[in-house]
Amino acid sequence: MRSKLRSTFMTMMLGVALSEGAAYAESPREPADASVRADPPRGASAVRWSEDLTTGEGTGELVSTRDGLLFEPYAVMRRPEGQLSLTGLYTFPARRLEQPVDTIRPVLQTKALLGTGVEVDVRVRTESGAWTEWRTSSAGEAVRLPRAGTEVQVRLALLADEHGRGPVVREVALEGTLEGGPSEADLQPLAALTYRIFATREGLVGGTTANGHVIKSYDRFVALPSRRALASNGGSEYQVRVCYPVTGKCTTASVWDVGPWNTKDDYWNPSSVREMWKNLPQGKPEAQAAYQDGYNGGLDQFGRRPANPAGIDLADGTFWTDLGMSNNDWVNVTYLWTSGGGTTTGLIIDSNNTNNDSTKGYIQLTGTSWTSSTNVAGYYGSGYYASPTAAVSEPATFWFYLPAAATKTIDAWWTSASDRSTTAPFIVWNASGTKLATVNVNQQLNGGRWNTLGTWSFTAGWNKVQLSRWTTAGSYVIADAIQVR
């Protein structure tokens with residue numbers, strides 16, 4: 001399949017057919033007001049709130065009007081897949097509730113034509129600071145969250161028809177309750193899940209991903225065929241580790257788009273949780289089953305015949321540079337959020353500045369001793385920097401920008417080996433030039449994962465975390481990535 005046919009769900013480029021949203025198919029052909037509400041069970045103590053329609057983040061095709069939030073994607077690039085509907089996402093800020101909830105009931109006031117509608121996605125933050133996967137409510141039914149929690153986030157998926165006519169959202173109110181009983185937390189594996197998946201190159205440079213990211217040359221991200229694991233624009237809430245056996249290379253990338261082929265195929269989940277195709281084995285994408293086995297009549301979610309068994313799309317930098325791929329092929333994919341309910345979320349500054357948004361963070365090297373390497377597996381992104389220890393600072397500096405003063409937790413990622421320093425010094429500074437702490441870590445241990453350095457109060461402006469060379473001689477310090485959350 002040509003690269004321009006790749007990711008099935010691109011915000012303002014492509015939409016989701018409401019195969020399971022039957023309530024919207026019953027909408028009248030003329031504009032009509034709708035109030036959709038599902039009442040909580042008797043005796044349940046509900047937390048109620050409304051979202052401010054002016055505070056969310058979406059794209060230019062989402063317009064605030066006197067009637068409400070309007071989705072009107074007239075300028076959409078028409079993709080050759082021929083989808084009849086188009087989808088845009090609008091995400092509200094996270095909200096902390098008065099009490100924990102595990103069930104959310106949306107109460108919507110909308111105005112919609114036949115073939116248009118609104119779905120509500122909700123997720124909850126776990127005790128570890130990670131987000132669970134998004135769960136979707138169609139036609140106002142209750143959403144059971146994977147875990148209970150007090151911090152939730154709401155996202156709207158607005159669906160327009162083939163003429164670019166979309167719904168108007170006038171009010172988004174929600175009710176949260178704690179109903180107890182078994183949850184998806186009981187299904188969490190002890191380790192993140194890994195499956196052998198056919199990967200295709202996404203391409204589409206200049207296009208816009210499902211989360212609003214504008215694709216650039218040699219970009220680094222992946223697409224999975226469900227928005228349940230779609231991270232925020234620039235975010236790292238949901239990441240995969242992809243390894244290509246042919247070259248022996250691996251890389252870690254965030255999920256910023258939805259595709260290929262399907263848009264509601266969270267195949268990494270067990271059948272009890274999987275949104276569609278519940279009779280397929282866990283870890284087998286529907287497109288693969290359709291292509292190889294004739295499943296669903298050999299068709300995807302939208303009635304198309306898949307040209308390959310792809311279950312993941314790779315952006316060009318991930319495909320060509322990080323993995324060394326030249327053709328679509330089978331890779332091993334680890335879904336890092338599937339153990340423990342999610343992955344931590346925050347701003348990541350990588351050792352490769354091409355992976356960073358320079359307006360938010362970047363790495364700066366001092367001296368000439370820092371060497372780029374991929375010799376030891378487990379690195380974040382496309383590699384790391386190593387430098388021999390010596391009685392000189394010459395740090396690798398991870399800069400990050402905060403628009404306002406805030407308390408943040410800093411994590412660091414490195415690769416482990418026996419020649420690493422056991423006292424690698426990370427020095428934390430605020431934007432005012434005050435040293436907040438020096439944290440010495442043993443880089444012979446805990447490689448290939450996030451390790452928390454600590455939590456500090458930072459000032460507005462450019463703060464930094466430095467990894468110095470100045471420690472016991474005869475070893476190496478590793479500058480790979482930091483996370484600010």
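Six strands close into a barrel in the order 11-15-12-14-13-16, and the pairing within this barrel is mixed. On average, neighbouring strands of this sheet are turned by 45 degrees against each other, direction ignored. The model described here is a predicted one. Besides the barrel, this briefing takes up an open sheet of five strands, one disulfide and one cavity of 30 Å³ or more.

**The barrel**

- Within the barrel order 11-15-12-14-13-16, strand 11, which covers residues 193-201, runs parallel to strand 15, which covers residues 310-314, and four bridges join the two.
- One of the residues taking part in this pairing is Phe198, whose bridge partner in strand 15 is Ala310.

**The open sheet**

- The five strands of the open sheet follow the order 18-21-26-23-24, and their pairing is antiparallel.
- Strand 18 (361-365) and strand 24 (435-441) stand at the edges with a single partner strand each, so one side of each is left without a neighbour in the sheet.
- From one strand to the next, the twist of this open sheet averages 20 degrees.
- In a regular strand the side chains alternate between the two faces of the sheet.

**Strand 23 and its two partners**

- Strand 23 (residues 424-429) runs antiparallel to strand 26 (residues 461-467), and four bridges join these two strands.
- Strand 23 also pairs with strand 24, again in the antiparallel sense, and here the pairing extends over six bridges.
- Phe426 has a bridge partner in each of these neighbours, namely Leu467 in strand 26 and Val439 in strand 24.
- Ile427 likewise takes part in the pairing with strand 26, where its bridge partner is Gln466.
- Strand 23 and strand 24 form a hairpin with five residues between the strands, and in this hairpin Gly433 takes a positive phi near 90 degrees.
- Five of the six residues of strand 23 are buried, so this strand is largely enclosed by the rest of the structure.

**The disulfide**

- The structure holds one disulfide, which joins Cys243 to Cys250 with an S to S distance of 2.1 Å.
- A disulfide is a covalent bond between the sulfur atoms of two cysteines.
- The torsion about the S-S bond of Cys243 and Cys250 is about 115 degrees, and the disulfide is therefore right-handed.
- Cys250 has a relative accessibility of 15%, and because buried means under 20% relative accessible area, Cys250 counts as buried.

**The cavity**

- Rolling a probe the size of a water molecule over the atoms shows where empty space is left.
- One cavity of 30 Å³ or more is found in the structure, and about 40 Å³ of space lies in the largest cavity.
- The lining of the largest cavity is made up of Asp121, Trp134, Thr136, Arg155, Arg227, Arg228, Thr263, Lys264 and Glu275.
- When these lining residues are divided by character, six are charged, two are polar and one is nonpolar.

**A buried alanine in strand 9**

- Ala160 lies in strand 9, which covers residues 143-160, and with a relative accessible area of 0% Ala160 is buried.
- Ala160 and Ala112 are 48 residues apart along the chain, and their C-alpha atoms are separated by 9.0 Å.

Methods
Residues are numbered from 1 along each chain as its sequence is written. This is a predicted model: local features need pLDDT of at least 70, side-chain atom pairs count only at pLDDT 80 or more; totals for chains, interfaces and linings use all residues. Side-chain values use heavy atoms; hydrogens and water are left out. Two strands pair if DSSP finds at least two bridges between them. Axes are lines fitted to C-alpha atoms, for helices over the stretch in contact, and angles run from 0 to 180 degrees between N-to-C directions. On a 1 Å grid over the protein atoms alone, a cavity is a set of points where a 1.4 Å probe fits but cannot get out, and a pocket is an open set with protein on both sides within 12 Å along at least five of seven lines; lining residues have an atom within 4 Å of a point. Grid points are joined across faces, edges and corners, and a volume is the space filled by probe spheres set on the points. Ala, Val, Leu, Ile, Met, Phe, Trp, Tyr, Cys and Pro count as nonpolar, Asp, Glu, Lys and Arg as charged, and the others, Gly among them, as polar. Buried means under 20% relative accessible area, exposed over 50%, partly exposed in between (1.4 Å probe, protein chains only). A disulfide is a pair of cysteine sulfur atoms within 2.5 Å.
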